[in-house]
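Reader: I would like to go through this model with you and ask, for each label, what value stands behind it. Could we begin once the structure is in view?

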Amino acid sequence: MKVKNLTVIHGPNLNLLGKREPQHYGSVSLEEINSQLSSKAENANVSIEIFQSNSESDIVSKIQNLKSDFIIINPAAFTHSSVSIRDALSAMKIPFIEVHLSNVFAREAFRKESFFSDLAVGVISGLGAEGYIAAFNFAINVK
Ligand code: DQA
């Protein structure tokens, strides 16, 4: 096991997963994603904290106070707008994977721009909820 303390951060509107534009984001709820991650973490003996917020400042404060050694983050709409979340990740120097449920490169032009990708260990986009599992497996097996 590589990572021992993992934090998963979900950005704005991801609390609506399952009901929200299923053609883009699928039918799996956030609770289902979180419980799958939690049980995988328990099996792997990894401590996991999962946080969702619709507020940019709450996400910045959360990142500033993290003690974890790896982050999986779906910044959602903040991907395309937030210098402050980028700067918090950069300041904390905690490695992270950027996850998107939808393939952001197959959608509107503004979604192709990310304030995070150049800092990320890697980016997963378009694999739906499986993207979180792939990121988790990387964190515990490879990182
Ligand atoms: C998203 C893609 C973003 O463009 C969008 O604003 C989201 C979700 C995704 O998971 O596909 O809210 O990050």
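Reader: Which backbone atom lies 2.8 Å from an oxygen atom of the ligand, and what makes this a polar contact?

Author: The model is a predicted one, and in it a polar backbone atom of Leu101 is 2.8 Å from an oxygen atom of the ligand. A polar contact requires a pair of N or O atoms within 3.5 Å, so the pair at Leu101 qualifies. A polar backbone atom of Ala77 is 3.2 Å from a ligand oxygen, and an N or O atom in the side chain of His80 is 2.7 Å from a ligand oxygen. The protein covers 98% of the 320 Å² of accessible area that the ligand has on its own.

Reader: Which residues are around the ligand, and how do they divide by type?

Author: The shell consists of Arg20, Tyr25, Asn74, Ala76, Ala77, His80, His100, Leu101, Ser102, Val104 and Arg111. These residues divide into five nonpolar, four polar and two charged.

Reader: Why is the pair of Phe70 and Phe138 called tilted?

Author: The two ring centres are 6.5 Å apart and the planes make an angle of 40°. Rings pair if their centres lie within 6.5 Å, and planes under 30 degrees apart count as stacked while those over 60 count as edge-to-face, so an angle of 40° leaves this pair as tilted. By this rule the count comes to one aromatic pair. Phe70 belongs to strand β3 (residues 70–74) and Phe138 to helix α5 (residues 130–141), so the pair ties together parts that are 68 residues apart in sequence.

Reader: Are these two rings buried or exposed, and how do you know?

Author: Phe70 has a relative accessible area of 0%, which is under the 20% limit, and therefore counts as buried. Phe138, at 28%, lies between the limits of 20% and 50%, so the label there is partly exposed.

Reader: Which residues touch the most other members of the largest nonpolar core, and which elements give two or more residues to this core?

Author: The core has 25 residues, and Leu6, Ile72 and Tyr132 are the ones that touch the most other members. Two or more residues come from each of β1 (5–10), α2 (30–44), β3, β4 (96–100) and α5. Helix α5 gives the most, with six residues. In soluble globular proteins, nonpolar side chains tend to be buried together.

Reader: What is the phi value of Asn45, what is that of Lys93, and why do both residues count as exposed?

Author: Asn45 has a phi near 65°, a positive value in a residue other than glycine, and is found in the loop between α2 and β2 (47–52). Lys93, which is not a glycine either, has a positive phi of about 55° and is found in the loop between α4 (83–92) and β4. Exposed means over 50% relative accessible area, so Asn45 at 64% has that label, and Lys93 at 69% has it as well.

Reader: What makes Ser53 a buried residue, and what does its side chain reach?

Author: Ser53 has a relative accessibility of 6%, under the 20% limit, and so counts as buried, although its place is in the loop between β2 and α3 (56–64). The side chain of Ser53 reaches the backbone nitrogen of Ser55 at 2.9 Å.

Methods: Residues are numbered from 1 along each chain as its sequence is written. This is a predicted model: local features need pLDDT of at least 70, side-chain atom pairs count only at pLDDT 80 or more; totals for chains, interfaces and linings use all residues. Side-chain values use heavy atoms; hydrogens and water are left out. Rings of Phe, Tyr and Trp (its six-membered ring) pair if their centres lie within 6.5 Å; planes under 30 degrees apart count as stacked, over 60 as edge-to-face and the rest as tilted. Helices (H or I, at least four residues) and strands (E, at least two) are DSSP runs, numbered from the N terminus. Buried means under 20% relative accessible area, exposed over 50%, partly exposed in between (1.4 Å probe, protein chains only). A residue is near a molecule or strand if one of its heavy atoms lies within 4 Å of it. A polar contact is a pair of N or O atoms within 3.5 Å; within protein, one must be able to donate a hydrogen and the other to accept it, and residues adjacent in sequence count only if both atoms are side-chain atoms. Accessible areas come from the Shrake-Rupley method with a 1.4 Å probe; for residues, only the protein chains shown count as cover. Ala, Val, Leu, Ile, Met, Phe, Trp, Tyr, Cys and Pro count as nonpolar, Asp, Glu, Lys and Arg as charged, and the others, Gly among them, as polar. A nonpolar core is a set of buried Ala, Val, Leu, Ile, Met, Phe, Trp, Tyr and Cys residues joined through side-chain atoms within 4.5 Å.
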